Amino acid sequence: MTTKVILSFVVSALLLGCSPTNQDKPTTTTEPVSASETPTTVQAIKSDKDYHSYGNPDEVKVTNLALDLTVDFADKMLKGSVELDFERIKPDAKALVLDTRALNILNVSAAGKTLNYTLAEADGVLGSALTIELPATGNKVKVEYQTSPEASGVQWLTPAQTAGKKQPFLFTQAQAIHARSFIPLQDSPQVRVTYQATIRTPKELLAVMSAANDPDTARDGEYEFAMPQPIPSYLIALAVGDLHFKAMGERTGVYAESYILDAAAAEFEDTESMLIATEKTFGPYSWDRYDLLILPPSFPFGGMENPRLSFITPTVIAGDKSLVSLIAHELAHSWSGNTVTNATWRDLWLNEGFTTYLTYRIMEMVYGEKRFAMEAVLGRQDLQADIDSLPADDQIMAIDLRGRDPDAVFSNIPYEKGALFLRELEQKVGRAAFDEFLLGYFQHFAFQSITTDQFEAYLHANLVKQHSDVLSMDRINQWIHAAGVPEGAPVPESDAFTTVDQVRNAWLAGSLAAANIVNDDWTVHQWLYFLNNMPEKLSQAQLTELDAAFGLTASHNNEIAHSWLLISVNNWYEPAFTRLHEYLVSIGRNKLVKPLYKALSQTPEGKKMAQKAFAQAKDGYHPLTVKTNEVFVE
Ligand code: BES
Ligand code: ZN
């Protein structure tokens, strides 16, 4: 195949740190609705209630955290304390309630005096409420604690599981409800805090956080951080490893292990242009620097928008910038998500839908219309696949998550349906008017966490009223609160895909041999479109012919490899299975491995292969990847 692979980057077969399983046992609790139970009577959702936190910010609200943590690689524990500043919203409030999961609470005090507290029995999804009796005066409490080696939001990698082999690595992933597994806090996106941290590590290692990072800091094992803007708990993040820094632009740079530092800086060299283009259209960047951190391949997501420092999977470093829309996406969250934040996990579409819309806009500004159009068509196809497979209730953007684990409800709905909805608004009122609306929206709600209801009220007052000839709240309601995509929604189209359809059809009809297909100039997106739209069943002869002509089994592009391996599993194309095994044990990104495990689990022979790969990889997978995929190998 002809996709240029400048960097033949083999995602190290090492992978993957230790593999905790969630040992919390589901138990019955009363307040809030236990996420491990479905409520028996259907009550109306309170739109501003966070059903995934025990915290009591309506009574006592935490406003600042001061962390002092030692990173103990031998014990796989963070050990130390957090001092929480709080505000008494109800002056007669008696207790501060925090979220925790599998934390070992050693002492709770205020001004040096021990306080009484209770730690509730653990709920399988929500963890344990920590209820602290408040001191009569003052507005600070200190909790001394240690994390569990199985913390759901932390992955510990041994030196052997890193690329450099010499030093261990640690990273956190707090979204959606995992910050509570490494800090006792009010773990709700409604609660915004500033934070300071002292992080103590082995001397040779560098710690970085979702905060001000000094690229020139002395590597002495003691690192100070400050996040002066109030952020929701799911954006608190820490990583520690043999990290090095390389600048990309004036405000942008990359942290990574040395093996991939130069490749990452080259792949993502357009980050500064993306930042400048986004500011021009959607208002000033609020967070000072924008750096990237390249994680080990076990990172369970593509990216995570930790403020000032997005966490990025190495699986998008393809050598040709073909997968950099991920960077546009995480950068866009600096506006939609980090500046204006979803108030509860029901409102996730406000984060991800706006961000996906902004991502398309950034890709268009930086890489042009053709690139944007291809990505929009692929996104629309991903959305359709979910609409065709998810139950109706799960196709609703403002989804009812009561009694459910947010980790188990991940889909394209909040992303691509949200983006398509915003695209429709744009098309109806015109780009200039819509951009002005978005600019105003980001300013109006800056550093606030808002519900879908608040958004709807704002949209009505600031766009629908002015454009009542083309917009109606009825249709907007349908987008946000009904399944599917409304009739007459925008239809993304790409000319570059027309020839791909022609070639695929001619090949399938037998009128064009794969060896005679002239497609030296196809982009990665054209390849993905070519593969993703193959019929479900292909013959062995057809698969062999494609593989011989284009070397698909050997593709180093992780997205193309994913599409091809999925076809190979669904059609039992054995020549790809060695590569499939290598892929599954070297990558822990859920989006790439989950569909493969799922497809393998459909047949007894496939399940055996899945079991073999999972058993080999499990120790190195992130807790979330273990939780998501173990169901397919049981
Ligand atoms: N914030 C998300 C990741 C996330 C969402 C973690 C919900 C936990 C719960 C991040 O910005 C994201 O959307 N990542 C995508 C990127 C893709 C859509 C470009 C991913 O990881 O695949
Ligand atoms: Zn996102």
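The numbered points below comment on a predicted model, taking the zinc site, the nonpolar core, the sheet and some individual residues in turn.

1. The zinc site. The zinc ion (ligand 2) has as its protein donors H329 and H333, each through NE2, together with E352 through OE, and these lie 2.0 to 2.1 Å from the ion. Along the sequence the spacing of these donor residues reads H-x3-H-x18-E. Because H329 belongs to helix α3 (residues 325-332) while E352 belongs to helix α4, the pair ties together parts of the chain that are 23 residues apart in sequence.

2. Burial of the zinc donors. With the limit for a buried residue set at under 20% relative accessible area, H329 counts as buried at 11% relative accessibility. E352 is likewise buried, its relative accessible area being 3%.

3. The nonpolar core. The largest nonpolar core has 200 residues, and the members that touch the most others are F268, F421 and F455. Helix α4 (residues 348-367) gives the most to this core, contributing nine residues. As general background, nonpolar side chains in soluble globular proteins tend to be buried together.

4. The surroundings of F421. When neighbours within four places in sequence are left aside, F421 is in contact with W349, M397, F455, L459, I476, W479 and I480. Among these partners is F455, which is itself named with F421 and F268 as touching the most other members of the core.

5. The open sheet. Seven strands make up an open sheet with mixed pairing, and their order is β5-β4-β8-β2-β1-β11-β13. At the edges stand β5 (113-114) and β13 (222-232), each of which pairs on one side only. Strand β11 (residues 192-200) runs antiparallel to β13 and is joined to it by eight bridges; to look at one position in detail, Y195 has M227 in β13 as its bridge partner.

6. Helix α1 and its cover. In helix α1 (residues 258-267) the buried residues are I260, L261, A263, A264, A265 and E267. The elements that cover these buried residues include the strands β15 (243-247), β16 (252-257) and β17 (290-294).

7. A buried threonine. T100 is placed in strand β3 (residues 95-100), and its relative accessible area of 1% makes it buried. Apart from neighbours within four places in sequence, the residues in contact with T100 are L119, L126, G127, S128, L130, R180 and P184.

8. Aromatic pairs. There are 38 aromatic pairs in the structure. One of them is formed by F73 and W156, whose rings meet edge-to-face with 5.4 Å from centre to centre and 90° between the planes. This pair links distant parts of the chain, since F73 sits in the loop between β1 (60-72) and β2 (77-88) and W156 in strand β9 (residues 154-157), 83 residues apart. On the burial criterion, F73 counts as buried at 15% relative accessibility, and W156 counts as buried at 1%.

9. Charges over a tyrosine ring. Y51 deserves a separate look in the viewer, for K49 lies over the face of Y51 at 5.5 Å from the ring centre. R402 also lies over the face of Y51, in this case at 5.7 Å from the ring centre.

Definitions and conventions
Residues numbered from 1 in each chain as written. Chains lettered and ligands numbered in written order. Predicted model: local features only at pLDDT ≥ 70, side-chain atom pairs only at ≥ 80, totals over all residues. Heavy atoms only, no water. Core = buried A, V, L, I, M, F, W, Y, C linked by side-chain atoms within 4.5 Å. Buried < 20%, exposed > 50% of the residue type's maximum accessible area, 1.4 Å probe, protein only. Helix = DSSP H or I, 4+ residues; strand = E, 2+ residues; numbered from the N terminus. Contact = heavy atoms within 4.5 Å. Pairing = 2+ DSSP bridges. Donors = N, O, S within 2.8 Å, 3.2 Å for Na, K, Ca; no water. Phe/Tyr/Trp six-rings, centres within 6.5 Å; stacked < 30°, edge-to-face > 60°. Lys NZ or Arg CZ within 6 Å of the ring centre and 35° of its normal.
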